[in-house]
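Please look at the sequence and the model shown here. Some terms used for it rest on cut-offs, and the aim is to set each value against its definition.

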Amino acid sequence: MRVISFLAVLCGLIVATASGSSTTTRVSRRSLATLDDKSLRRNKNRSHSKRVPAALGLENLVTSTRGGSSTMVKEESSGLAAPIKLLIGAGGIYAAFLYYGSLQEDVFRYEAADGTKFTQAWLLQVLEALANVAIGFVGMQLSGATQNIPKKEFAISGASQVSAKACTSLALANGLSFPVATLAKSGKMAPVMLGSLLLGGASYSAREYMQVAAIIGGTAIVSMGKKKGGSSSSSAMGVVYIVGSLVLDGVTAGFQKRLKAETAKLGVKPKPYDFMFWTNLFMFLTATVISLGLNQVGPGLAFCSANPEIFEKIIKFALCSAIGQSFIFYTIANFDPLVLSTVTTTRKIFSVLLSIFLKGHSLSLKGWSGIALACLGILSEMAAKMSGKVKPH
């Protein structure tokens, strides 16, 4: 019954997001018809100058291709007031992804009567991606599919993205605590900066170095400040996997830049659900091949069959992922990218705190000081984006 309620909410959200996308397209066409060539070029320059946040690896692509459409929706479309839309969008993201994180932790902490645990991380990614493919397909049909999508770039981006997510799940399966994993993933700017410094000759401000150092240092302190015991070898493997996930995040960012460049070169402007469908389709295919190759499908489904409780959690986990993505697209369609960045950034902090208070993690004073340091780095990064937003272009 609860799953049916999930699906009912999701269907309503897809229709609202798709119709919002259609309204934006109609308004944009009317507006462009009244602009001369000079003002059109000026609008394009303004839209391309926006910096876009990243919550799950898709929003940065979607927002940049939508350009300034979010402003049009706020100013010209009829419907709910902006505060109500913000409550729907932000509330949906918080609810879906806070529960998503809690369920992910539950899946890998679950222990069957015989002492065995669920360790088939790639099978989990198959089911999560499948839920997103289904919802993305429905949304794409309602909003209208974009033709001539560069599928090769989507395939590469999807493969690297699902590998990063699988490494995060494998870190949890190998004993890394959820708070440590979440804080570590907040430092994904580190591999991006390192790659840019080594390969691209980029430069960064002292503040950016300090932000990354605070997140990484705080995460290390939290890891050392836990009171509970555990297998040091498992925790070590967990650290290896989370580092691998961060490296793959950096690789994914590079592939997504290539994808944006390719769509711009082809003159293609994919819609939100185009990104959701095609990215997750290739994530699903990649995860399926790897899970079959590692023989995770049979044992994983057998474990779920013998333990229906965990299978219910996995289904909810996959649905929360799809619902959360839909709320992200709804927020992108109605608000400035900075709003989404603020919501997703603070959500990470709340996820960590909820896990500590609700899942029985015990921290020493040193551990709490690490939490404070890492959160300071995260909030500083968010503040930098906010200050960057008000700078003249």
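The questions below concern confidence, one pair of helices and one tryptophan.

This is a predicted model in which local features need pLDDT of at least 70 and side-chain atom pairs count only at pLDDT 80 or more, whereas totals for chains, interfaces and linings use all residues. Residues are numbered from 1 along each chain as its sequence is written, and side-chain values use heavy atoms, with hydrogens and water left out.

Q: What makes residues 62-78 a stretch to treat with care?
A: On pLDDT, the predictor's confidence in each residue from 0 to 100, residues 62-78 stay under 50, while the mean for the protein is 77. Where pLDDT is low, the predicted coordinates should not be read in detail.

Q: Why is H12 called roughly antiparallel to H14?
A: The axes of H12 (residues 272-293) and H14 (residues 308-334) cross at roughly 150° and come within 10 Å. Angles over 145 degrees, on a scale from 0 to 180 between N-to-C directions, count as roughly antiparallel, and therefore H12 is roughly antiparallel to H14.

Q: Why is Trp-122 called buried?
A: Buried means under 20% relative accessible area, computed with a 1.4 Å probe on protein chains only; Trp-122 has 9%, so Trp-122 is buried.

Q: Which residues is Trp-122 in contact with, leaving aside its neighbours within four places in sequence?
A: With contact meaning heavy atoms within 4.5 Å, the partners of Trp-122, which lies in helix H6 (residues 121-143), include Val-162, Leu-170, Ile-290 and Gln-296.

Notes. Helix = DSSP H or I, 4+ residues; strand = E, 2+ residues; numbered from the N terminus. Parallel < 35°, antiparallel > 145°, perpendicular 65-115°, else oblique. Buried < 20%, exposed > 50% of the residue type's maximum accessible area, 1.4 Å probe, protein only.
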